[in-house]
Amino acid sequence: MSIFCDLSKAFDVINPDILLNKLNFYEIRGIVNKRFSSYLSNRIQYVQIDDRESDVQHIVCGVPQGSILGPLLYLIYVNDISTFTNAYILSFADDTSMYINHNDINRLYSKAIYAMNCLYECFAQTVIMTI
């Protein structure tokens, strides 16, 4: 069985503290990690339509949209996703596919529900930690 997940706003919910810890785990430390910290912090946004502008808001999560580093940082962020579920995971950018197999249809269904719940919990924790 295959379950295809399109994670909407995936690049927007990356918690920078979690990402920096993962970079540290992958031995991206010291000055380079501090550069990434700088890259991900003190960002602001506003909307302008014609001559009207919204208030400036601080961005507390996510990676810069349209950046070259965005997809790479996202993949590093979700690299350990397979440890949270019993399914085989295949990811490309923000598209994630889960593959589950079993000979018994009822057991297959149970494994699929379990895998989806695990994936949900994994991403829910990330979003909650971001807020």
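**Stop 1: strand β1**

Select strand β1, residues 2-6. This is a predicted model. Show the side chains and turn the strand until both faces are in view. Ile3 and Cys5 make up the covered face of β1. Ser2, Phe4 and Asp6 make up the uncovered one. In a regular strand, side chains alternate between the two faces of the sheet.

Now add strand β7, residues 95-99. β1 and β7 pair in the antiparallel sense, over five bridges. Step along the pair. Ser2 stands opposite Tyr99 of β7. Ile3 stands opposite Met98 of β7.

**Stop 2: the other partner of β7**

Keep β7 on screen and add strand β6, residues 88-92. β6 and β7 run antiparallel and are joined by five bridges. Which residue of β7 is the bridge partner of Ile89? Select Met98 to see it: Met98 is that partner. Met98 also faces Ile3 in β1.

Next, center on Thr96. Thr96 sits in strand β7. Is Thr96 buried or exposed? Thr96 is buried, with a relative accessible area of 1%. Show its neighbors. Leaving out residues up to four places away in sequence, Thr96 touches Ile3, Phe4, Cys5 and Leu7. Thr96 also touches Ile89, Leu90 and Ser91. Of these contacts, Ile3, Phe4 and Cys5 belong to the two faces of β1 seen at the start.

**Stop 3: helix α1**

Move to helix α1, residues 16-25. Begin at the N-terminal end. Asn15 caps α1 there. Measure the cap in your viewer: a side-chain oxygen of Asn15 lies 2.9 Å from the backbone nitrogen of Asp17.

Which residues of α1 are buried? Color Pro16, Ile18, Leu19, Leu20, Lys22 and Leu23; these are the buried residues of the helix. Stay on the lysine. Lys22 has 17% relative accessibility, so it counts as buried, the cut-off being 20%.

Now select Asp80. The side chains of Asp80 and Lys22 meet in a salt bridge, at 2.9 Å from N to O. Asp80 lies in the loop between α3 and β6 and Lys22 in helix α1, so the pair ties together parts that are 58 residues apart in sequence. The structure holds one salt bridge. Asp80 has 26% relative accessibility and counts as partly exposed.

**Stop 4: out of α1 and into α2**

Follow the chain past α1 to Glu27. Glu27 lies in the loop between α1 and α2. Check its backbone. Phi of Glu27 is positive, about 65°, although Glu27 is not a glycine. Glu27 is exposed, with a relative accessible area of 64%.

Continue into helix α2, residues 30-40, and pick Asn33. Is Asn33 buried or exposed? Asn33 is buried, at a relative accessible area of 14%. Show what surrounds it. Asn33 touches Leu20, Leu23, Asn24 and Ile28, not counting residues up to four places away in sequence. Leu20 and Leu23 are among the buried residues of α1.

**Stop 5: the loop after α2**

Select Asn42, in the loop between α2 and β2 (43-45). Here is another backbone to check. Asn42 has a phi near 55°, a positive value in a residue other than glycine. Asn42 counts as exposed, at 76% relative accessibility.

**Stop 6: a nonpolar patch**

Switch to a surface view. Color Ile44, Tyr46 and Val56. Together they make a nonpolar surface patch of about 290 Å². Pick Val56 in particular. Val56 lies in the loop between β4 (52-53) and β5 (57-59). Val56 is partly exposed, with a relative accessible area of 47%.

**Stop 7: helix α3**

Finish at helix α3, residues 69-78, and select Leu75. Leu75 is partly exposed, with a relative accessible area of 34%. Add Asp94 and draw a line between the two C-alpha atoms. How far apart in space are Leu75 and Asp94? The distance is 8.3 Å, C-alpha to C-alpha, for residues 19 apart in sequence.

Key. Residues are numbered from 1 along each chain as its sequence is written. This is a predicted model: local features need pLDDT of at least 70, side-chain atom pairs count only at pLDDT 80 or more; totals for chains, interfaces and linings use all residues. Side-chain values use heavy atoms; hydrogens and water are left out. Patches are made of residues with over 30% relative accessible area and no salt bridge: like charges are joined within 9 Å, nonpolar side chains (Val, Leu, Ile, Met, Phe, Trp, Tyr) within 5 Å. Accessible areas come from the Shrake-Rupley method with a 1.4 Å probe; for residues, only the protein chains shown count as cover. A salt bridge is a side-chain nitrogen of Lys or Arg within 4 Å of a carboxyl oxygen of Asp or Glu. Helices (H or I, at least four residues) and strands (E, at least two) are DSSP runs, numbered from the N terminus. Buried means under 20% relative accessible area, exposed over 50%, partly exposed in between (1.4 Å probe, protein chains only). Two strands pair if DSSP finds at least two bridges between them. A polar contact is a pair of N or O atoms within 3.5 Å; within protein, one must be able to donate a hydrogen and the other to accept it, and residues adjacent in sequence count only if both atoms are side-chain atoms. Contact means heavy atoms within 4.5 Å.
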